[in-house]
Amino acid sequence: MSYDVMVIGSGPGGYAAAIRCAQLGLRTAVVERAELGGTCLNWGCIPTKALLKSAEVYRYASHAAEYGVEIAAEAVRPDLSAMVARSRAVAEQMSKGIDFLLKKNKVEVIVGTGALTETPHTVEVTAADGATTTYEARHIILATGARPREFPSIPVDGRRVITSRQALTLTELPETMVVIGSGAIGAEFATFFGTLGTRVTVVEYAPTLAPLEDEEISKLLERSFRKAKITVMTATEVRGVEATDAGCRVSVAGKRGEQVLEAEVVLSAVGIVANTEGIGLEAAEVAVERGKVTVDEHYRTSVEGVYAIGDLIPTPALAHVATAEAIHCAEFIAGREPEAVDYAVIPSCIYTTPEVASVGLTEAQAAERGYTVRIGRFPYTASGKATAAGNRDGMVKLVFDAETDRLLGAHLFGLNVTEMVAEPSLGLTLGASARDVLRTIHPHPTMSEGILEAAGAAHEEAIHL
């Protein structure tokens, strides 16, 4: 069997590449060994957000009296098994949606593990029973994603020491948990389990939580964690984890010296590693550097006709980045001249409570690059919509170039900010200035007014509606 394009992997990069190639008239197949939609849809972004929604509903129900709603206290309790069941159902529904889209666009789905071979333009697919079939394709796109990173000092056993994958299917709520790492995965699971009543301790090697975020926002996140009775240990190294019959012992060293933490469960959220094994990179002689496939601006690897996108390559490991790369790659293969993906305007979101969202340069990064910066801030305490919603913990922070008035970055913390960050993302893409934001009428009352107010504050023109 021969195709114009074969895509190995069906995550946000893989299925988007396959669909776009098919839309552009290319005979396309996608190879997937597990559920359609990849890790993000089945074991990452989507089921995690379903769990966090359940936690949000539980939190609102627990505080119903604050909103004038009477609920008997004994009637409000979290049912982790039911939450997990709902989360899995959401993931399954979305996976079926990907199956529908692939069929609609006439993309053939080949079930099995795909790998490059020594022969150019060929893919060998191994089925679950071990049978192999070889296919030919003029173009091959590698989109095999990533998996949780594991360290020898944190031996994962899937029961006492777990990764995000096992955290998504726990059916009994741990009384205590240590979360190692405070990136998006660690911070979100700390929020989820902390909301349901687990005593959570977050251990972070960096000086701040969510270390890739603006330092001011990271400090606000840490304050919110402490208010939620989540213990935070930053600038702390994990020396080792020992699983016992009763739980785990976590040896750490930090500001208070060496100590041992006791917990029923340890969640290792120390990043991800690309799925480069078993896909024929060595056989095809595809160049790899520091665990990532090397590519050019069109995602061509060192081997003619072979491309790589998403978590396999050294770009931000985010689903929406993989999708953008996929569309560019597909259009390039089809002979179009797509614009390069602009990695300077990639939004980032962390679905904690409150949420974190950002795009562009942090204040520190802008200063390091030689900009004279002007900062505009707007606190949620001054927002009518946030006050009405009962969620006044938050801030909008905008970074501008003082010389040109151009927006350089946006850093948001609070209710709904993951929805709001699209506006400054568009502003950065279009080269917007603070004056452009001020001229844009924002609806009232909304959280998004905070962006208008922050731009005004940078010009001392905030009017606090």
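How many positive and how many negative side chains does the protein chain have, and how far apart do the centres of the two sets lie? The protein chain has 42 positive and 59 negative side chains, with the two centres 4 Å apart. The legends below describe a predicted model.

**Figure 1. Overall view of the protein chain, with 15 helices and 24 strands.** The radius of gyration is 24 Å, close to the 23 Å that the globule rule gives for 465 residues, so the chain is as compact as a globular protein of that length. Along its principal axes, the C-alpha trace spans about 65 × 60 × 45 Å. Buried residues make up 52% of the 465 residues. Of the contacts between residues at least 6 apart in sequence, 62% join residues at least 24 apart. The exposed area of the protein chain is about 21,800 Å², and carbon and sulfur atoms supply 51% of it.

**Figure 2. Close-up of helix 4, residues 80-104.** The end C-alpha atoms of helix 4 are 36 Å apart, which agrees with the 36 Å that its 25 residues should span at 1.5 Å a residue. The buried residues of this helix are L80, M83, V84, S87, R88, A91, S95, I98 and L102. An α-helix has 3.6 residues a turn, so residues three or four places apart point the same way. Cover for the buried residues of helix 4 includes helix 1 (14-23), helix 2 (38-43), helix 3 (45-62) and helix 6 (184-196), together with strand 2 (28-32) and strand 3 (108-111). Just after helix 4, K106 adopts a positive phi of about 60°.

**Figure 3. Close-up of helix 7, residues 215-227.** With 13 residues at 1.5 Å each, helix 7 should span 18 Å; its end C-alpha atoms are 19 Å apart, which agrees. I217, S218, L220, L221, E222, S224 and F225 are the buried residues of helix 7. These buried residues pack against helix 6 and against five strands listed here by number: strand 10 (199-203), strand 11 (231-233), strand 21 (355-360), strand 23 (395-401) and strand 24 (407-414).

**Figure 4. Close-up of L312 in the loop between strand 19 (306-308) and helix 9 (319-333).** L312 counts as buried because its relative accessibility is 0%. Leaving out residues up to four places away in sequence, L312 touches L142, A143, T144, G145, A274, N275, T276, I279, K292 and V293. The C-alpha atoms of L312 and L24 are separated by 24 Å, and the two residues are 288 residues apart along the chain.

**Figure 5. Close-up of E363 in helix 10 (residues 363-368).** E363 counts as partly exposed, at 28% relative accessibility. Not counting residues up to four places away in sequence, E363 touches D214, E216, V373, I375, R377, K397 and V399. For V399, the separation from E363 along the chain is 36 residues, whereas the C-alpha atoms of the pair are 6.3 Å apart.

**Figure 6. Close-up of S448 and P445 in the loop between helix 14 (434-439) and helix 15 (449-458).** S448 is buried, because its relative accessible area of 18% falls below the cut-off of 20%. Apart from neighbours within four places in sequence, S448 is in contact with M420, H442 and P443. In this loop, P445 follows a cis peptide bond from H444, with omega near -5°.

**Figure 7. Close-up of the cis peptide bond from T353 to P354.** Omega of this bond is near 0°. P354 lies in the loop between strand 20 (348-350) and strand 21.

**Figure 8. Close-up views of A235 and R290, each with a positive phi and neither a glycine.** Phi of A235 is near 50°. A235 is found in the loop between strand 11 and strand 12 (237-243), and counts as partly exposed at 33% relative accessibility. For R290, phi is about 55°. R290 lies in the loop between strand 17 (288-289) and strand 18 (292-293). With a relative accessible area of 82%, R290 is exposed.

Note on methods:
Residues numbered from 1 in each chain as written. Predicted model: local features only at pLDDT ≥ 70, side-chain atom pairs only at ≥ 80, totals over all residues. Heavy atoms only, no water. Helix = DSSP H or I, 4+ residues; strand = E, 2+ residues; numbered from the N terminus. Rg over C-alpha atoms; globule rule 2.2 N^0.38 Å. Buried < 20%, exposed > 50% of the residue type's maximum accessible area, 1.4 Å probe, protein only. Contact = heavy atoms within 4.5 Å. Areas by Shrake-Rupley, 256 points an atom, 1.4 Å probe, with all protein chains shown as cover. Lys, Arg positive; Asp, Glu negative; His and termini not counted. Charge placed at Lys NZ, Arg CZ, Asp CG, Glu CD. Expected span 1.5 Å × (residues − 1).
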